[in-house]
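This report concerns the salt bridges of one protein chain. The sequence and the structure are shown below.

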Amino acid sequence: MPSRMRAVVHHTFGPPDVLVPAQLPVPQPGPDEVLLRVLAVSVDYVQLHIRKGGSGRIGSAREPGYGLTAPPYVRGGTVCGEVAAVGSEAGDIALGSRHLVGGLRPGSYVEYGVVDAAALRADPEGSAGPTAVPEEFTAAESAAFNYAPVAYHTLRVAAGLTAGETVLIHAAAGGTGVLAVQLAKAFGARVIATAGGPAKVALVRELGADVVIDYRAEDFVPAVLAASDGRGVDVVWESVGGDVFTRSLECLAEGGRMVSFGSNSFTGVGTVDFYPFWTKNIRLIGWGGASNAAAHAPEIMDDLLRLAEAGALRPVVAAVLPLEQAADAHRMIEARETIGKVVLAPDVEAATAPRR
């Protein structure tokens with residue numbers, strides 16, 4: 001095991017250029033910890049918010065660092081990692097086993113990190129554990145697949161989407177959006193989706209969406225109403241924020257639900273007009289915090305793995321970049337240049353190699 005490792009850190013908050021390569025000591029696992037070799041790490045919007053100086057209140061710069069206190073800061077995100085060493089009290093965790101893990105220490109933009117062994121232990125009843133990895137996926141695909149529980153829980157559990165209903169999925173060509181489209185179809189719903197530009201529209205249509213609206217070419221509100229014969233949709237799946245959040249209320253049918261779980265436009269959430277809530281009996285559902293842990297429940301992971309094995313669910317990886325190009329990855333996402341998830345890897349060849 002080397003004593004030093006490659007990493008990407010930042011000493012201040014700001015644009016992507018604050019992310020710089022560095023050398024850090026390889027952490028040593030404690031008695032009830034596991035050392036993971038990072039194979040791939042997904043780049044998500046939360047990490048962009050934090051790098052910018054946002055706090056727990058998305059888009060705010062009042063509490064820089066999201067609770068971090070001393071630089072150098074290492075960005076987080078979910079990694080697909082391989083067990084490299086096991087602490088003396090960590091239990092029966094196999095060396096070389098592959099896991100999806102959040103909360104890696106000192107962060108995720110590293111070659112090695114430690115995590116509590118309890119996070120990796122499988123469910124005692126034989127169900128898939130919360131860190132289960134589809135056997136047929138590459139490490140890069142596995143890192144991107146971790147957003148499937150979010151898509152599943154927001155659609156099925158939080159919003160209660162059922163077969164025969166119509167759902168509006170915003171940012172459908174994004175890393176989580178592509179999974180949401182596939183899951184909504186698997187649930188038996190009719191999918192109306194928005195995406196920006198012909199290439200993204202074409203991909204979302206290939207994934208099974210019934211109607212795809214290019215929001216750069218037309219106003220999505222009248223397009224959604226036209227596609228639903230003026231009725232509106234039963235569920236809006238919304239993580240963009242700003243005007244998209246506000247105007248999506250116009251797209252809801254009587255008794256409809258909107259689940260809101262982010263502000264990827266970096267604009268915060270728009271002003272809420274309560275009139276539609278009274279006149280159409282609609283509901284706004286917030287998602288986050290404890291819901292993220294609930295999304296990795298054994299029954300959900302079992303269902304997701306079953307769908308993946310059946311070929312009904314697969315992440316879309318936009319690009320796999322070397323770890324040192326983290327700033328480029330952040331720039332790509334902020335410019336909305338990508339289709340699917342951007343992934344960083346200490347070893348790009350290993351991250352994209354078939355597992356079997």
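## A buried pair

In this predicted model, the side chains of E165 and R257 meet in a salt bridge, with an N to O distance of 3.0 Å. E165 lies in the loop between helix 3 (148–158) and strand 7 (166–169), and R257 belongs to strand 11 (residues 252–260), so the salt bridge ties together parts that are 92 residues apart in sequence. Both E165 and R257 are buried.

## A shared network

Salt bridges with partners in common join R6, E111 and E324 into one network. Within this network, E324 forms a salt bridge with R6, and their closest N and O atoms are 2.7 Å apart. Because E324 is in the loop between strand 13 (317–322) and helix 11 (326–334) while R6 is in strand 1 (residues 4–9), the pair ties together parts that are 318 residues apart in sequence.

E324 is partly exposed, at a relative accessible area of 34%. R6 is also partly exposed, with a value of 24%.

## A link between two helices

E334 forms a salt bridge with K52, the closest N and O atoms lying 3.9 Å apart. This pair links distant parts of the chain, with E334 in helix 11 and K52 in helix 1 (residues 45–52), 282 residues apart. E334 is partly exposed, with a relative accessible area of 26%, and K52 is likewise partly exposed, at 38% relative accessibility.

## Overall count

A search of the whole structure finds 16 salt bridges, including the pairs E165 and R257, E324 and R6, and E334 and K52.

Methods:
Residues are numbered from 1 along each chain as its sequence is written. This is a predicted model: local features need pLDDT of at least 70, side-chain atom pairs count only at pLDDT 80 or more; totals for chains, interfaces and linings use all residues. Side-chain values use heavy atoms; hydrogens and water are left out. A salt bridge is a side-chain nitrogen of Lys or Arg within 4 Å of a carboxyl oxygen of Asp or Glu. Helices (H or I, at least four residues) and strands (E, at least two) are DSSP runs, numbered from the N terminus. Buried means under 20% relative accessible area, exposed over 50%, partly exposed in between (1.4 Å probe, protein chains only).
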